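Thanks for coming, everyone. I'd like to walk you through the inside of a protein today, so please have the viewer open and follow along.

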Amino acid sequence: MGERVLVALGGNAMTGPDGSASPQAQLNAIEAAMRQVRALIDAGHQVVLTHGNGPQVGNLLLKNQLAAAVVPPVPLDWCGAQTQATIGTLILNALGRPAATVVTRTLVDAGDPAFADPVKPIGRYFTEAEARRFEKLGQSWRRFERGWRRVVASPEPLEILDAPAATALMAAGFTVVAAGGGGVPVVRQRDGSLTGVEAVVDKDLAAAVLARAVGARILVIATDVPQAVVGYGGRDPRPIGQISAGELRVLHAAGHFAGGSMGPKVEAVLRFVAAGGERAVITSLEHIADPGAGTRVER
């Protein structure tokens, strides 16, 4: 019998090769991704899926801005929930196996320092004049090389609140899609109620929390490169294959992995293994069913 495996699908599994997020491009990309996931299922593994949603949320935010004078804009947590349902539906249709999507909430701390210093860029690039206009609506914007982008908090994921629902569905034989885009971020009020917040939870860090919550023994982070690389983009890049958690932690602490791309993936696999996970892998989508591929960290 196979293992319970959590597969975190990167943005390349949700969009076209050129980054296009048109409906047809998304459909084609997800169908290609599900061929690889089916190989894992057919090998006897029980698979849990999570995924990114950056381009999709960016599109919803643009629609909010363009139609603000006609239709009231919806908050960021609503956008996250909508994309979970939309992407989840496409995955269910493409997978061709008994499956279910759980629209999932992720608990964060209202006092997380990230709320005081929003740095996570979302949506498209705009001119400074447009950014200043949105700032008057209470949004935070920062200048980047290509223009101005909205930035939001990216707090630490504490708990995947709907993991019990995912576990129950797995026990009933379903392949489950959960915590898409890191989950809808919520905070707990003093009276115990939950409230959505304007934030984005890192997908890979949330995947590590979800993997522990549903009892996955293996975490696979599928991205657009074959493995993590030391010296990426430099004169002497060194791909990383099998590596101990201690060695990888030293490389991570030395700043070898970019914060906006490979860094969170490395941090996620380290957290998963440290919490008792059996094995964690960072690899390209087409190699998720290959046990010898990618950067591999074992407990």
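**An aromatic trio**

Let's start with F134, which is buried, with a relative accessible area of 5%. One thing before we go further: this is a predicted model, so please keep that in mind as I talk.

What surrounds F134 in the way of rings? F134 belongs to one aromatic cluster together with F126 and W141. Take F126 and F134 to begin with: their ring centres lie 5.7 Å apart and their planes stand at 80 degrees, so this pair is edge-to-face. Now turn to F126 and W141. Here the ring centres are 5.5 Å apart and the planes meet at 85 degrees, so this pair is edge-to-face as well. The F126 and W141 pair links distant parts of the chain, with F126 in strand β5 and W141 in strand β6, residues 140-144, and the two positions 15 residues apart.

Are F126 and W141 buried or exposed? The cut-off for buried is under 20% relative accessible area. F126 has 16% relative accessibility, so F126 counts as buried. W141 is buried too, with a relative accessible area of 7%. For the whole structure, the number of aromatic pairs is three.

**A cavity beside the rings**

Keep F126 and W141 on screen, please. How many cavities of 30 Å³ or more does the model have? The count comes to one. The largest cavity has a volume of about 50 Å³.

Both F126 and W141 help to line the largest cavity, and the rest of its lining is G58, L61, L62, Q65, I122, G123, R124 and R150. If you prefer to think in elements, α2 (54-66) and β5 (120-126) each supply at least two residues of that lining. By class, the lining is made of five nonpolar, three polar and two charged residues.

**Two nonpolar cores**

Next, let's look at the nonpolar packing. The largest nonpolar core has 47 residues, and the ones with the most contacts inside it are L6, L210, V214, I240, L248 and F257. Many elements feed into this core: β1 (4-9), α5 (163-171), β9 (175-178), α6 (203-213), β12 (218-223), α7 (245-253), α8 (262-274) and β16 (279-284) each supply at least two of its residues. There is also a second, separate core of 25 residues, which includes V7, M14, V281 and L285.

Let's zoom in on I240, from the largest core. Leaving out residues up to four places away in sequence, I240 touches Q227, A228, V230, L248, L251, F257, G294 and T295. Among those partners, L248 and F257 are also on the list of residues with the most contacts inside the core.

Now step to P239, in strand β14, residues 238-239. Is P239 buried or partly exposed? With 47% relative accessibility, P239 counts as partly exposed. Setting aside residues up to four places away in sequence, P239 touches Q227, A228 and V229. For a sense of distance, P239 and G173 are 66 residues apart in sequence, and their C-alpha atoms are 37 Å apart in space.

**Three more stops**

The first stop is L49, in strand β2, residues 46-51. At 0% relative accessibility, L49 counts as buried. Which residues does L49 contact, leaving aside neighbours within four places in sequence? They are V7, L9, M34, V37, I91, V176, V177 and A178. One of them, L9, is 40 residues from L49 along the chain, and the two C-alpha atoms are separated by 7.3 Å.

Then there is G10, in the loop between β1 and α1 (23-42). G10 counts as buried, at 6% relative accessibility. Beyond its neighbours within four places in sequence, G10 is in contact with K203 and A222. G10 and D204 are 194 residues apart in sequence, yet 8.8 Å apart in space, C-alpha to C-alpha.

My last stop is A179, in the loop between β9 and β10 (184-188). Its phi is near 55 degrees, a positive value in a residue other than glycine. A179 also counts as buried, at 1% relative accessibility.

That's my tour. Thanks for listening, and I'm happy to take questions!

Key:
Residues numbered from 1 in each chain as written. Predicted model: local features only at pLDDT ≥ 70, side-chain atom pairs only at ≥ 80, totals over all residues. Heavy atoms only, no water. 1 Å grid on protein atoms, 1.4 Å probe; cavity = no way out; pocket = protein on both sides within 12 Å on 5 of 7 lines; lining within 4 Å. Points joined across faces, edges and corners; volume = space filled by probe spheres on them. Helix = DSSP H or I, 4+ residues; strand = E, 2+ residues; numbered from the N terminus. Nonpolar A, V, L, I, M, F, W, Y, C, P; charged D, E, K, R; others polar. Core = buried A, V, L, I, M, F, W, Y, C linked by side-chain atoms within 4.5 Å. Buried < 20%, exposed > 50% of the residue type's maximum accessible area, 1.4 Å probe, protein only. Contact = heavy atoms within 4.5 Å. Phe/Tyr/Trp six-rings, centres within 6.5 Å; stacked < 30°, edge-to-face > 60°.
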